[in-house]
Amino acid sequence: MLFWSLTTLLLLSPDTSISVEKDKYNILAVLPCYRGHLNPGSGIVRSLIGNGHSVTVFTTSKCTEEVSQLMPGLGGLVESEVIPEKEFRPGLFAQGDSIYRIIHENGTKNLFFETDRYLQTSGVKFDGVFADLIANGAVLTAKRHNLPIVVQFMGPVMEKYSDKPSYWERQELPVENASERPSVAAAVLGGLFSGLYDLFISYPNYKFIKELHATDFRSRR
């Protein structure tokens, strides 16, 4: 209930373009097909639908059937060609390449162009956007179209270090969890990968956003 109240507060804030006197809203939800992202997002979507709002879910084409089952009563379901999908492969280089494409190439740049094109061509007027934390492009699209945006972050439910196998067994990038003291090796690897993440993912995202703002970024619809 607390999270729902906070979500409502953000969506109905007087600082947004939504009129607080409106009873029902048309929301675009942008969610990837990861269980740890889709499950909490589906709870928010069901709450919105249960309160009489219309929700259109923008998700990967491989996940539409699951989304329909998790979130009955949707106002619409849009198949995306670029929303990031989990495709981690063995090996650190392959993992890094996957992270780059998930966060920057698809999750930010391509998703921005796709959601922006959808808002311009669908003929549907949305009152706000609800997006997953890796759907950066949807955040940019909401800003371009002057729509209020709520982003979900699942930090409190992330796994602890002790619940995971060793780095060499799972062959994936470390995930920070401030509630547990990591080993020295985990801290060193975490620092290394954080630096690489900043260099090859965070900076390209920053550069892309700066390039957008250097153009006529705001929609003229």
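Two strands count as paired if DSSP finds at least two bridges between them, and helices (H or I, at least four residues) and strands (E, at least two) are DSSP runs, numbered from the N terminus. The model is a predicted one, in which local features need pLDDT of at least 70 and side-chain atom pairs count only at pLDDT 80 or more, whereas totals for chains, interfaces and linings use all residues. Residues are numbered from 1 along each chain as its sequence is written, and side-chain values use heavy atoms, with hydrogens and water left out.

**View 1. The whole chain, with its 7 helices and 5 strands.** Followed along the sequence, the elements give the pattern α-β-α-β-α-β-α-β-α-β-α-α. Of the 221 residues, 43% count as buried (buried being under 20% relative accessible area, exposed over 50% and partly exposed in between, with a 1.4 Å probe and protein chains only). The accessible surface of the chain, computed by the Shrake-Rupley method with a 1.4 Å probe, comes to about 12,300 Å², and 57% of this area belongs to carbon and sulfur atoms. Among contacts (heavy atoms within 4.5 Å) between residues at least 6 apart in sequence, 61% join residues at least 24 apart.

**View 2. Confidence along the chain, from helix α1 to strand β1.** The mean pLDDT, the predictor's confidence in each residue on a scale from 0 to 100, is 77 for the chain, and 71% of the residues reach 70 or more. Among the elements, helix α1 (residues 2-11) has the lowest mean value, 38, while strand β1 (residues 26-30) has the highest, 96. Over residues 1-20 the pLDDT stays under 50, and for this stretch the model has 28 contacts beyond four places in sequence. Residues 170-174 also have pLDDT below 50, with 15 contacts in the model beyond near neighbours in sequence.

**View 3. The open sheet, in the order β3-β2-β1-β4-β5.** The 5 strands of the sheet are paired in parallel. Strands β3 (76-80) and β5 (149-152) stand at the edges with a single partner strand each, so one side of each is left without a neighbour in the sheet. On average, neighbouring strands are turned by 20° against each other, direction ignored, the axes being lines fitted to C-alpha atoms, for helices over the stretch in contact, and angles otherwise running from 0 to 180 degrees between N-to-C directions. Within the sheet, β1 and β2 (residues 54-60) run parallel and are joined by 5 bridges, and Asn26 stands opposite Ser54 in β2.

**View 4. The salt bridge between Arg35 and Glu66.** This is one of 3 salt bridges in the structure, a salt bridge being a side-chain nitrogen of Lys or Arg within 4 Å of a carboxyl oxygen of Asp or Glu. The closest N and O atoms of Arg35 and Glu66 are 2.3 Å apart, and the pair links distant parts of the chain, with Arg35 in helix α2 (residues 35-50) and Glu66 in helix α3 (residues 64-70), 31 residues apart. Arg35 is partly exposed at a relative accessible area of 48%, and Glu66 is likewise partly exposed at 23%.

**View 5. The salt bridge between Lys109 and Glu105, within helix α4.** The two side chains meet at 3.8 Å, N to O. Lys109 and Glu105 are 4 residues apart in helix α4 (residues 92-121), which means that about one helical turn separates them. An α-helix has 3.6 residues a turn, so residues three or four places apart point the same way. Lys109 counts as partly exposed at 25% relative accessibility, as does Glu105 at 23%.

**View 6. The salt bridge between Asp116 and Arg144.** Here the side chains meet at 2.8 Å, N to O. Asp116 belongs to helix α4 and Arg144 to helix α5, so the pair ties together parts that are 28 residues apart in sequence; both Asp116 and Arg144 are buried. In helix α5 (residues 136-144), the buried residues are Gly137, Ala138, Leu140, Thr141, Ala142 and Arg144. Just after α5, Asn146 takes a positive phi of about 55°.

**View 7. The surroundings of Ile201 in helix α7.** Ile201 lies in the helix spanning residues 184-213 and is buried, with a relative accessible area of 5%. Leaving aside residues up to four places away in sequence, Ile201 touches Ile99, Tyr100, Ile103 and Leu196. The C-alpha atoms of Ile201 and Ile103 are separated by 7.1 Å, although the two residues are 98 apart along the chain.
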